[in-house]
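Trainee: Please take me through one part of this model closely. I would like to know how its charged side chains and its helices are placed.

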Amino acid sequence: MFMNEVFFLFGSNLGDRLNYLSTASNLIEQKIGKIFRKSSVYETDPYGNTEQPAFLNQVVSVLSNQSPKDLLGIIMNIEKSMGRIRKEKWEERNIDIDILFYGDQIIKESYLLIPHPGIEFRRFTLVPLNEIIPFFNHPSIDKQLNELLNNNDDILNVILYNVSNYR
């Protein structure tokens, strides 16, 4: 079967943020497949609703032959199993898992848009993506990720998080 490299963004700004990212990684590996690439962890200002705690964000990729719809169901179940309750957009959350890219495919369904909308505007997504795939061509925009980051106007902080000093 044909495998696609799927890129996910993890985000957490409640509780033990680093542990939530680690748990998400473990559950992705159990339910989807071995993580192929993983960025560093970044502490980032909140986007959208800025009146909330800072996030930890990380990008990971997995080789998968599962459909985008099936992947969405799996990550929503992972979020739910980790205690995520969805109430409103831009809310605080212990875990958020977004599908950023599904290979170079463009998917437009009522329930799912891939590439994830707004990647080109969000440093908290572009910085970790650029760490692991700077020359990847965004399929909807036809520009490399490093070019999108270099021309980005987002002024929110994205700072490498020193996980060795954690705890």
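Mentor: E147 counts as partly exposed, because its relative accessibility is 34%, between the 20% and 50% cut-offs. The model is predicted, so read every value here as computed from it. E147 sits in helix α4, which covers residues 145–150. P134 is 13 residues away from E147 in sequence. In space, their C-alpha atoms are 8.4 Å apart.

Compare S39. This residue is buried, because its relative accessible area is 4%, under the 20% cut-off. S39 lies in the loop between β2 (35–38) and β3 (42–44). Setting aside neighbours within four places in sequence, S39 is in contact with Q58, V59, P128, E131 and I132.

Now the salt bridges. Side chains of opposite charge can pair when their charged atoms come close. The structure holds five salt bridges. One of them joins R17 and E43, at 2.8 Å from N to O. R17 belongs to helix α1 and E43 to strand β3, so the pair ties together parts that are 26 residues apart in sequence. R17 is buried, with a relative accessible area of 15%. E43 is partly exposed, with a relative accessible area of 28%.

Next, D96. Its salt bridge with R84 has the closest N and O atoms 2.8 Å apart. D96 lies in strand β5 (residues 96–102), and R84 in the loop between α2 and β5, so this pair ties together parts that are 12 residues apart in sequence. Both D96 and R84 are buried. D96 also forms a salt bridge with R93, where the closest N and O atoms are 3.5 Å apart. R93 is buried, as is D96. Add E79, and you have a network: E79, R84, R93 and D96 are linked by salt bridges.

Last, the helices. Helix α1 (residues 17–31) packs with helix α2 (residues 68–81) at an angle of about 135°. Their axes are 11 Å apart. That angle makes α1 oblique to α2, because oblique takes in angles that are neither over 145 degrees nor from 65 to 115 nor under 35. The crossing of α1 and α2 is right-handed. On the α1 side, L27, I28 and K31 make the contact. On the α2 side, I74, I75, I78 and S81 do so. By class, this contact of α1 with α2 has five nonpolar residues, one polar and one charged.

Technical notes
Residues are numbered from 1 along each chain as its sequence is written. This is a predicted model: local features need pLDDT of at least 70, side-chain atom pairs count only at pLDDT 80 or more; totals for chains, interfaces and linings use all residues. Side-chain values use heavy atoms; hydrogens and water are left out. Helices (H or I, at least four residues) and strands (E, at least two) are DSSP runs, numbered from the N terminus. Buried means under 20% relative accessible area, exposed over 50%, partly exposed in between (1.4 Å probe, protein chains only). Contact means heavy atoms within 4.5 Å. Axes are lines fitted to C-alpha atoms, for helices over the stretch in contact, and angles run from 0 to 180 degrees between N-to-C directions. A crossing is left-handed if the near helix is turned anticlockwise from the far one by less than a right angle, and right-handed if clockwise. Ala, Val, Leu, Ile, Met, Phe, Trp, Tyr, Cys and Pro count as nonpolar, Asp, Glu, Lys and Arg as charged, and the others, Gly among them, as polar. A salt bridge is a side-chain nitrogen of Lys or Arg within 4 Å of a carboxyl oxygen of Asp or Glu.
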